[in-house]
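This briefing introduces the side-chain contacts of one protein model to a reader who is new to structures. Please keep the sequence and the model in view while reading.

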Amino acid sequence: MAPEMNVPRLRFPNFNEDWTKKCLSEIALRVTSKNKENNLNVLTISAQFGLVSQLEYFNKSVSAKDVTGYYLIHKNEFAYNKSYSNGYPMGAIKRLNKYEKGVVSTLYICFCFNSEMVSYDFMEQYFETGLQNSEIEKFAQEGARNHGLLNIGVNDFFKIQLVLPCMAEQTKIASFLTALDDKLQALKKKKELLEQYKMGVMQQLFSQALRFKKDDGTNYPDWEEKKLGEVCEIKKGQQLNKEELTESGDYPCINGGINPSGYTNMYNTKANTITISEGGNSCGYVNFFNVKFWSGGHNYSIEISNPALVVNNYLYQLLKFNENELMKLRVGSGLPNIQKKDLVSFALNFTQSPEEQTKIANLLSAIDEKIAHCQSELDGMERWKKGLLQQLFC
């Protein structure tokens with residue numbers, strides 16, 4: 001029998017050579033240069049953003065005051081955070097490409113590649129496939145993990161084996177995936193700009209700097225301040241019991257229950273309902289659900305008292321605009337919560353005309369639809385890229 005070739009399922013034309021296994025130590029060198037220049041660009045590894053400045057990511061520095069003992073790394077060098085994170089069960093390996101240089105904790109394993117043997121762009125994409133995970137797992141014992149930190153030594157890390165094509169094929173794959181990433185970034189930027197545009201429109205509308213007029217050209221009545229409890233009924237949800245949960249069903253469970261991400265065959269709240277998260281990390285967030293659902297124990301559902309006078313989607317948009325103010329109602333140490341009495345007395349500047357409410361809601365909903373469409377395109381392209389990665393690499 002002919003030996004099985006080590007090649008991916010999907011290849012570009014004119015490439016037919018077998019991919020070869022390389023030990024990381026053959027193609028990379030460890031970086032251990034200390035920060036003698038006292039560089040203050042302290043970096044952290046973000047699953048989404050890669051190696052990013054702590055000031056940019058956390059809006060503050062969470063490092064030690066003295067960072068002269070940190071590793072100094074330069075553009076195109078890589079760092080490995082040997083701890084579990086969402087989507088990276090064996091830790092994340094990220095390339096420095098946003099800055100010329102920066103410093104990282106000595107808990108990271110840093111390294112640079114031999115540029116004559118590998119393409120930086122190719123290796124960045126390679127590590128995103130997670131193909132190195134099975135190799136890392138050989139050295140990271142399951143029982144030796146402590147609070148998500150993988151017990152893998154530096155020497156063992158450099159023993160991991162990578163399966164690589166020739167430089168020309170690396171460059172071809174990397175160029176294709178980089179072009180795809182550029183399209184993804186353009187979509188993300190488009191979505192970000194739409195969100196910024198919506199916020200600007202909301203600011204104009206809810207400050208009344210921008211007003212609609214009646215069809216006959218006359219003005220709508222002046223706005224009035226009203227308490228939330230005057231225009232709607234605020235209901236706190238109910239915790240689900242374990243025996244009420246099923247693995248699958250028709251209705252989602254929102255903010256509460258034994259398994260909040262699971263489903264139940266019951267519901268206690270009708271479709272098209274506004275919700276405000278009562279407690280936990282999401283405390284104060286406003287959402288709108290267009291399906292029936294179970295409102296859990298850490299959730300408030302908002303039901304309009306008189307639908308003839310208050311347009312549901314208008315109230316949702318108004319509350320969403322005031323989300324930061326709602327979060328100021330948080331109380332309690334540890335995980336915060338919002339008291340119902342504080343929501344009831346929460347004041348909003350309100351147009352009394354259902355017709356004006358509808359015009360405002362329709363405009364903002366139209367922008368929401370554009371944002372949702374953009375997100376759908378993003379999700380589809382990211383799924384497509386994930387599928388391609390599984391086929392383009394061994």
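Strands, such as the β1 that appears below, are DSSP runs of E with at least two residues, numbered from the N terminus. The model is predicted. Its side chains form 22 aromatic pairs and 21 salt bridges, while the number of disulfides is zero.

**Backbone at two asparagines**

- N14 belongs to the segment before β1 (20-23).
- Although N14 is not a glycine, its phi is positive, at about 75°.
- The relative accessible area of N14 is 78%, and N14 is therefore exposed, since the term applies over 50%.
- A positive phi is also found at N38, again not a glycine, with a value of about 55°.
- N38 sits in the loop that runs between β2 (28-30) and β3 (43-46).
- With a relative accessibility of 39%, N38 is classed as partly exposed.

**Aromatic rings**

- The count of aromatic pairs in the model is 22.
- One of these pairs joins F78 and F127 in an edge-to-face arrangement, with 5.8 Å from centre to centre and 70° between the planes.
- F78 lies in strand β6 (residues 78-81) and F127 in helix α3 (residues 120-129), so this pair links distant parts of the chain, 49 residues apart.
- Both F78 and F127 are buried.
- Another aromatic pair, F289 with F293, is tilted: the centres are 5.1 Å apart and the planes meet at 45°.
- F293 has a relative accessible area of 0% and is buried.
- Ring pairs also build a cluster, whose members are W19, F78, Y80, F111, F113, F122, Y126, F127, F157, F158 and F393.
- The rings of the pair F78 and F127 are thus among the members of this cluster.
- A lysine takes part in a further ring contact: K172 is placed over the face of F12, 5.7 Å from the ring centre.

**A nonpolar patch on the surface**

- F49, Y57 and F58 make a nonpolar surface patch of about 300 Å².
- Of these residues, F58 is located in helix α2 (residues 54-58).
- F58 has a relative accessible area of 36% and is partly exposed.

**Salt bridges**

- Side chains of opposite charge can pair when their charged atoms come close.
- The model contains 21 salt bridges.
- One of them connects K94 and E128, with 2.9 Å from N to O.
- Because K94 is in strand β7 (residues 92-95) and E128 is in helix α3, this salt bridge ties together parts 34 residues apart in sequence.
- K94 is buried, at a relative accessible area of 8%, whereas E128 is partly exposed, at 30% relative accessibility.
- K320 and E323 form another salt bridge through their side chains, at 3.0 Å from N to O.
- K320 is partly exposed at 25% relative accessibility, and E323 is buried with a relative accessible area of 12%.
- In the salt bridge of D342 with K341, the closest N and O atoms are 3.4 Å apart.
- K341 counts as exposed, with 58% relative accessibility.
- R95, D121 and E124 are joined into one network by salt bridges that share partners.

**Cysteines without disulfides**

- A disulfide is a covalent bond between the sulfur atoms of two cysteines.
- How many disulfides does the structure hold? The number is zero.
- Why does C112 form no bond with C110? The sulfur of C110 is the closest cysteine sulfur to that of C112, yet it lies 10 Å away, which is too far for a bond. The cut-off for a disulfide is a distance within 2.5 Å between the sulfur atoms.
- C112 is partly exposed, with a relative accessible area of 23%.
- C232 likewise takes part in no disulfide, and the nearest cysteine sulfur, in C283, is 17 Å away.
- C232 is buried, with a relative accessible area of 4%.

Key:
Residues are numbered from 1 along each chain as its sequence is written. This is a predicted model: local features need pLDDT of at least 70, side-chain atom pairs count only at pLDDT 80 or more; totals for chains, interfaces and linings use all residues. Side-chain values use heavy atoms; hydrogens and water are left out. Patches are made of residues with over 30% relative accessible area and no salt bridge: like charges are joined within 9 Å, nonpolar side chains (Val, Leu, Ile, Met, Phe, Trp, Tyr) within 5 Å. Accessible areas come from the Shrake-Rupley method with a 1.4 Å probe; for residues, only the protein chains shown count as cover. A salt bridge is a side-chain nitrogen of Lys or Arg within 4 Å of a carboxyl oxygen of Asp or Glu. Helices (H or I, at least four residues) and strands (E, at least two) are DSSP runs, numbered from the N terminus. Buried means under 20% relative accessible area, exposed over 50%, partly exposed in between (1.4 Å probe, protein chains only). Rings of Phe, Tyr and Trp (its six-membered ring) pair if their centres lie within 6.5 Å; planes under 30 degrees apart count as stacked, over 60 as edge-to-face and the rest as tilted. A charge sits over a ring if NZ of Lys or CZ of Arg is within 6 Å of the ring centre and within 35 degrees of the ring normal.
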